[in-house]
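Me: Please take a close look at the charged side-chain pairs, and at what lies around them. Which parts of the chain do they join, and how buried or exposed are the partners?

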Amino acid sequence: MRTILRIFYWIFAVLVIATGASAWWYIYRPLPQIDGSVSLPGLEHEVTVERDLWGVPHIRAASVEDLAEAQGYVVAQDRLWQMDLLRRAARGQLSEILGPKTLLIDKEFRTNGLARAAERDATLLDPESRKMMEAYARGVNQFIEQHKKNLPLEFSLLRYEPRPWQLSDTLTISGYMYRTLTDTWERELNRAKVAERAGTDRAKDLFFVEAAMDHFVVGDPKVIDDGSQRSAVGADDEDDDDDMHPDTVLKAGRGASNGILTRESDPDLTTALSQPIQEFLQESKNEIRQGLGSNNWVVSGAHTATGKPLLANDTHLELSIPSIWYEIHLTAPGWNVKGFTLPGAPMIIIGHNDRIAWGLTNNGADVQDLYVETFNPASPDAYRVKGAWAKAQIIDETILIKGQPDEHLKITVTRHGPVVHREGDKAYALRWTATEPGGLANSYNGLGKAHNWKEFRESMKRVWGPGQNAVYADVEGNIGYVMAARVPIRKKGHGEVPVPGDTDDYEWTGYIPFDQLPQALNPASGLIATANARVVGPDYKPYLTDRWGDPYRTARIYDLLHDRHDLRPEDMLKVQTDTYSYPHVFLADQLLAAAKTVSPHDPRAKKLIDGLKDWNGIADADSPEVSFLHAARRAAIDLLLEPFLGKDTNLYGWRSMTFLQKILTGRPAKWLPSAYKNYDELLVAAADRAVDSLANQSKSQRVEDWAWRRFNTLDMFHPLGHEGLLKRFLSITDKPQSGTEDSVRAARKTHGPAMRFVANPGNWDESILLITAGQSGQPGSSHYSDQFSLWYEGKPIFGSFSDAAEAKERKHTLTLKPAA
């Protein structure tokens, strides 16, 4: 017996040692060096990298090129696999490492042409941007070269090595975000279908642009001084260079794809891990399209305790591990900027320097148009242009698929762009500003060197997109707003639905000049807020879009801030984490009134409606009333639309709550389904349908089991961590959360505030900066998820900026040395 126990203990000890050794080899050995010195041959001078207790680096360099090279190296230390995944997704090269399950995603991105546009735009960069991006790529490649034998965990699991980083890879990541924020063509298809089925008269209601709770930044006829009149003061008036006419710029030829590493044929975890990544990317696409949104606002010193402005921003994107954002502080001649950047992109996108601060939300300007092209049945590559047949460009893309033969994808490109969709005999070609020449080469990474409003506007003038609402504050006390992007001017129509492609009637004739884009400086109210809702009122004439978000987050921000005169950074954070939901309050009032005249059939619906009498509008995770209202809202919309759309009510995703509020407020007879005598009956029927839905989703008939946390828990997945041990090890899941998509703290299962930022020009050291999980994408790092608890609980992390404040929090110092 002793011998058996002794053998058992030895086996157990060996297993423990083997497990520990494996953990060290795959998880801890790849962790980067963050103290001491490292050789970086491309540098001209030494660069120091100081990291604080959150792992946020401060890079100090003697030149901008050295700064960019060091940034590439440092970000690769923390996020190399994420960078590689993003560029592979944008280039349509996931199947090379993951096999056939990601083939449809690759085909979609290849068809969009982001990689082809990036290769072309890499040749169009101005000399300064080119040097910066080349230096960044050198830094990334130095890290790859030095760590080929101890790459991050994901490379080991998937058994491949990253190829060298190219300048164009940075542009493809810009394109990936461009697609995330502006990809609307499927909604244009759906809008056409909804309008056709509902009829012209009802379509006017479904796509009505007005909303009672909108707060316009410019163009409000009721506001005398919105700041738009003075926005260009001090700026260069010679703006004619903006008026580029894309029709005079020929589309550049599509180049061949880059060389690809040899595929690994040995058995590995690809089959098991490709499905989670495919699901992750598809869920991301669906979630973003349903709940895309962000908040930003700025208040003047009249509203604050210090007499200096405060600026806040939280971008609502896919919540994942690692975060889409990376925090960094960059210092070089002409630059001293701290904030948030995308892994794979140089400099800062959102943040502050020692003079100004800025934040961004998606504007939603319509920069995609679908053209219905007519192809010749007798000659499939010929399509009609003004009564004659023209030959389409055919691009043959080779997609490498791990474990399978290569696949050839034939992409048809018309004068408008690639054919992205076919239905019957109709072919839809996509024109998109992102893939126009220069579309990816002019983005937001130059804002950090602006030091005043004039320089900020000049930097924004060069931006092509994606179109963002930028709020601004500076140490002089100014606040402002600029929306910058290349927004097409169309000969006819607005591009909200597919248009005929065989005529020139719907062509683009140019872009809205920069000075005609919405801008404001120091409005009399001292408050500017945007949250993806309508920012331009009736007095603003150029067409941006009519596909605005619902106005409820914007309205709540205004209500919480407009009469305050003692605001501090912590107060701004409280607003960012506010969970009050206006549309649910509206629906609660409607249901309470309806239940006075019509009784629900289901006693559970009656119980929940009765409970609304004491509900305070806060979307608490423990509240079954919030779950009920959320389901009742969907049910009410379905009941209104089913007579026209049948079971395809999900085709309508356009400001749906604004539509519902308009109908329930006005109660027009034309919208009341024939099955109901009045709208109270419809509302009660929606309540009954809602409880059935909740019972089915929860697998429980008890109201007590329908708390909001049951239906809207937070899931923050690593792309490989969707199930099993990897889910437990890499992801953060099943966290109850308060708020709805209409709360300022926008809360969906996998979508929400990907960062929080509060800038304090009165004392930059009291600015708040935090991301969802942590700086590092390596699970063995102490900074893999160390920020999560504070982000989750709505607590601040103050981002030190001055040398004195940063010195107190410095934990590590790495010196990057040039070659001897």
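Reply:
**Charged pairs and their surroundings**

The side chains of Arg130 and Glu134 form a salt bridge, 3.2 Å from N to O. The term covers a side-chain nitrogen of Lys or Arg within 4 Å of a carboxyl oxygen of Asp or Glu. This is a predicted model; local features need pLDDT of at least 70 and side-chain atom pairs pLDDT 80 or more, while totals for chains, interfaces and linings use all residues. Numbering starts from 1 along each chain as its sequence is written, and side-chain values use heavy atoms, with hydrogens and water left out.

Start with that pair. Arg130 and Glu134 are 4 residues apart in helix 6 (residues 127-146), which means about one helical turn separates them. Helices here are DSSP runs of H or I with at least four residues, numbered from the N terminus. Arg130 is partly exposed, at 28% relative accessible area. Glu134 is partly exposed too, at 33%. The cut-offs are under 20% for buried and over 50% for exposed, with partly exposed in between (1.4 Å probe, protein chains only).

Next, Arg556 and Asp578. Their closest N and O atoms are 2.9 Å apart, in a salt bridge. Arg556 belongs to helix 13 (residues 552-561), and Asp578 to the loop between helix 14 (569-576) and helix 15 (582-594), so the bridge ties together parts 22 residues apart in sequence. Both ends are enclosed. Arg556 is buried at 14% relative accessible area, and Asp578 is buried at 12%.

The third pair is Arg667 and Asp680. Their side chains meet in a salt bridge of 3.0 Å, N to O. Distant parts of the chain are linked here: Arg667 lies in the loop between helix 18 and helix 19, Asp680 in helix 19, 13 residues apart. The ends fall in separate accessibility classes. Arg667 counts as partly exposed at 29%, whereas Asp680 is buried at 14%.

Salt bridges can also share partners. One network built this way joins Asp84, Arg87, Arg88, Arg91, Glu96, Glu119, Arg163 and Asp169. In total, the structure holds 59 salt bridges.

Go back to the loop between helix 14 and helix 15. Ser581 lies there, as does Asp578. Ser581 is buried, at 0% relative accessibility. Beyond its neighbours within four places in sequence, Ser581 touches Gly617, Thr740, Asp742 and Ser743. Contact here means heavy atoms within 4.5 Å.

Now the loop that holds Arg667. A search of the whole structure finds 19 aromatic pairs. Phe659 and Trp671 have ring centres 5.1 Å apart and planes at 70°, so this pair is edge-to-face. Trp671 sits in the loop between helix 18 and helix 19 (679-698), and Phe659 in helix 18 (residues 656-666), 12 residues away. For pairing, ring centres of Phe, Tyr and Trp (its six-membered ring) lie within 6.5 Å; planes under 30 degrees apart are stacked, over 60 edge-to-face, the rest tilted. Phe659 is buried at 2% relative accessibility. Trp671 is buried at 1%. Ring pairs extend the group: Phe207, Phe644, Tyr652, Trp654, Phe659 and Trp671 form a cluster.

Finally, the nonpolar side. The largest nonpolar core has 162 residues. Ile59, Trp297, Trp325, Phe456, Met460, Leu544 and Leu816 have the most contacts inside it. Helix 2 (residues 64-91) gives the most to this core, with 14 residues. That range takes in Asp84, Arg87, Arg88 and Arg91, which belong to the charged network. A core here is a set of buried Ala, Val, Leu, Ile, Met, Phe, Trp, Tyr and Cys joined through side-chain atoms within 4.5 Å. Leaving aside neighbours within four places in sequence, Leu816 is in contact with Val38, Leu40, Leu43, His45, Glu46, Val47, Val49, Ala70 and Tyr73. Another core lies apart, with 59 residues, among them Leu206, Ala588, Leu664 and Trp671. Trp671 thus has two roles here: ring-pair partner of Phe659 and member of the 59-residue core.

Note on methods:
Helices (H or I, at least four residues) and strands (E, at least two) are DSSP runs, numbered from the N terminus.
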